[in-house]
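Let's take a walk through this protein together, one region at a time. Have a look at the model below, and then we'll start with a single residue.

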Amino acid sequence: MDNKVGIYVHVPFCKSKCAYCNFYSLPESACSDELIQSYQGAVIKHIEEYSAQLDGYLIDTVYFGGGTPSHLGTGRLIAILNILKKSGHVLLDSEITVEINPGSISKEDLSKLRKAGFNRLSIGVQSADDEALKNLGRTHTFADAEEAVKDARAAGFNNISVDVIYGLPSQTKDSWERTVQLIAGLKAEHISCYNLKIEEGTGLYEYKDSPFLPDEDIQADMYLYAVDILARYGYKQYEISNFARRGFESKHNIKYWLGDDYIGFGPAAHSYVERCRYSFTEDVEQYIEQVKTGKRIVEHDEQMSDFENAGEYLMLRLRTVHGISEEEYYDIYRLKMDLVLELLKKYEESGWATFKDGRWRFTPKGFMVSNALIGEILEAQTRQRTQISKPWQKDPTGDETQMTLFDKRPVAAGLFGGRRLIGRNEFL
Ligand code: SF4
C-alpha cells in the first residue's frame, strides 16, 4: 500500500524583514537575482535526486512557505512544482498551497499559478489596521489585502487562507474586534489567528517589556472573542490557532499535528519521515553549495524513540479539536495513561478540557493555557512510565523497549528503505 507524504518547500526571500519575524528569510537588499536563480537550481536538483526515493509514496499535499514564495517569481515557483509533478508521485487532487503577501503578486501571475496547479493561497494579512501594519514593517495596507483576495478569486482560487495576529503593541480590544470582523468579511475559507510572540533577534525584541503591549488578560479576551465571532461567521476551530469552513481545513498542516510524514526542501526546511526528524542549514548559500557539491546536507537529525512518539501524540493532538483517546493511545503505543487521565479530569473541572465520544479535547479556554497544560501532561506521562513494568518492556526507564512489537501504527515503508537518513543519498 502506498503511504501519503506532504512536501514543504522553503523559499527564504522577502521584500523586507518584518519587525516580529523569526523565520529564516532574507530581505530584498541582501539577495541578488543571481542568488535567487541559484536557489531555484539547487531546490530543483535536490528534488530530482530525491524523486528516486519516493517509490511507495504518494504526495497528497505540497506547501510553498517562507519567506514570501511569491518573491521568487511565478515562473520559478511553477518550475519547482513541475519538477515535483514530474516525479510521478503527486496525486491529482493534492492540496497545493503557496504563501503570498498582499501587493506582492499581480492578477495575471495569480492566474498563471492557478493554471499550473496551485489550488490554495495563504495570504499574510496580519491586521486590518494600517497603522499597526506599518509598525510591524509590513509593506501593504488592508486595502491591498482586500484587493489580493479579489484578484485570487478572479484567478480561480476557491481555497484561500488569511493570517492575522493579535496581541500587537498598542492594540486595544476595540481595534482587535474591528480587525476580526473585517478579516471575516474577506470571506476566505480559512483563517489562522496567531498570538504575537516576541522573539530574540527580531526588531520588536527591544519592546518585549513595553507597557504598550496588551497584558495576558486582554490577550485572552482577544483570543476568546475571535473564537466566538469566527464561529458565528461559520469558521470551525480545528486547532489552537486555526479556523476553517467545513472541508477547508489545511490538509498539509494537519500532517504536522497528526505526526504524519512530510519532506522539506530548501534552507531551514524540516522533515519528518519514518520517525526521523531532520532539518537543513539556515543559510541559503550553504544550502546551494551543499546541493551542488553533494556534501552532507542535514544539519540536525534525530531518530524518535517509541516513548518520544507517544509524547508527540499527546502534545500535537491536544493542539487540535481531534484530541486524544485512551484506547487509541494504548492501541498505538501499548501504554496506559492513568495519570494523564487524572489531570484531564481536573482540567475538565476547571473548564479547560472536555470528554466526548471517547476523546479528550481542550476547550478554547484550555487552548489559551495549553503550553502549561501539555507540560504537566508530559510530566505525568513520564511518571506513569517509570511506574509500569510489563513483560514486553526490558527496562521501563530505558530508551529502548520492545513496544514496537505491538505498535499497530502504520509505519512508512519504502522511502529510504527504513534506514535512517543522515544526508543527501547517505544512509545509516
Ligand atoms: S513577509 Fe513573512 S517571512 Fe517575510 S519577513 Fe515578513 S513575516 Fe517574515
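Find Asp-33, which sits in helix α1. Keep in mind as you look that this is a predicted model. Is Asp-33 buried or exposed? It is exposed, because just 8 other C-beta atoms lie within 10 Å, and a residue counts as exposed at 12 or fewer. Now jump along the chain to Leu-72: the two residues are 39 apart in sequence, yet their C-alpha atoms are separated by 9.4 Å.

Helix α1 turns up again when you look at helix α9, which covers residues 284-293. Which residues of α9 are buried? They are Val-284, Tyr-287, Ile-288, Gln-290 and Val-291. Looking down the axis of α9, you'd find these buried residues within an arc of 165 degrees, so they line one face of the helix. What do they pack against? Their partners are β3 (26-27), α1 (33-51) and β13 (276-280). Over on the other side of α9, Lys-292 and Thr-293 are exposed. Right after the helix comes Gly-294, with a positive phi near 75 degrees.

Next, on to a pair of helices. Two packed helices are described by the angle between their axes and the distance between the axes. Here the pair is α2 (residues 74-86) and α3 (residues 107-116), which pack at an angle of about 5 degrees with their axes 10 Å apart. Angles under 35 degrees count as roughly parallel, and α2 and α3 are therefore roughly parallel to each other. On the α2 side, the contact is made by Thr-74, Leu-77, Ile-78 and Leu-81. From α3 come Asp-109, Lys-112, Leu-113 and Ala-116. Sort the residues of this contact by class and you get 5 nonpolar, 1 polar and 2 charged.

Step back from α2 into the loop that links it to β4 (57-66), and you'll meet Gly-67. Gly-66 and Gly-67 are joined by a cis peptide bond, with omega at about 20 degrees. Both of these glycines are also among the residues around the ligand. Which other residues are there? Cys-14, Lys-17, Cys-18, Cys-21, Phe-23 and Ser-25 belong to the group, along with Thr-68, Asn-101 and Gly-124. By class, this shell has 4 nonpolar, 6 polar and 1 charged residues.

A couple of loops further along have backbone details worth a glance. Ser-170, in the loop between β7 (160-166) and α6 (173-185), has a positive phi of about 65 degrees although it isn't a glycine. With 13 other C-beta atoms within 10 Å, Ser-170 is partly exposed. Glu-274 isn't a glycine either, and its phi is positive too, at about 50 degrees. You'll find Glu-274 in the loop between β12 (270-273) and β13. How many other C-beta atoms lie within 10 Å of Glu-274? There are 19, and Glu-274 is partly exposed; it takes 20 or more for a residue to count as buried.

Now move along to Thr-354, in strand β15 (residues 353-356). Thr-354 is partly exposed, with 15 other C-beta atoms within 10 Å. Leave aside the neighbours within four places in sequence, and Thr-354 is in contact with Glu-348, Arg-361 and Thr-363. Leu-344 is 10 residues away from Thr-354 in sequence, and their C-alpha atoms are 8.2 Å apart.

Then there's Gly-366, in helix α13 (residues 364-368). Why does Gly-366 count as buried? Because 22 C-beta neighbours lie inside 10 Å. Beyond its neighbours within four places in sequence, Gly-366 is in contact with Tyr-347, Trp-352, Ala-353 and Leu-373. From Gly-366 to Gly-351, 15 residues apart in sequence, the C-alpha to C-alpha distance is 7.2 Å.

Finally, zoom out to the whole protein. Its secondary structure comes to 14 helices and 18 strands. Of its 428 residues, 39% count as buried. And among contacts between residues at least 6 apart in sequence, 72% join residues at least 24 apart.

Notes
Residues are numbered from 1 along each chain as its sequence is written. This is a predicted model: local features need pLDDT of at least 70, side-chain atom pairs count only at pLDDT 80 or more; totals for chains, interfaces and linings use all residues. A residue is near a molecule or strand if its C-beta atom, placed from the backbone, lies within 6 Å of it. Ala, Val, Leu, Ile, Met, Phe, Trp, Tyr, Cys and Pro count as nonpolar, Asp, Glu, Lys and Arg as charged, and the others, Gly among them, as polar. Helices (H or I, at least four residues) and strands (E, at least two) are DSSP runs, numbered from the N terminus. The arc is that of the directions from the helix axis to the C-beta atoms. Two residues are in contact if their C-beta atoms, placed from the backbone, lie within 7 Å. Axes are lines fitted to C-alpha atoms, for helices over the stretch in contact, and angles run from 0 to 180 degrees between N-to-C directions. Angles under 35 degrees count as roughly parallel, over 145 as roughly antiparallel, 65 to 115 as roughly perpendicular and the rest as oblique.
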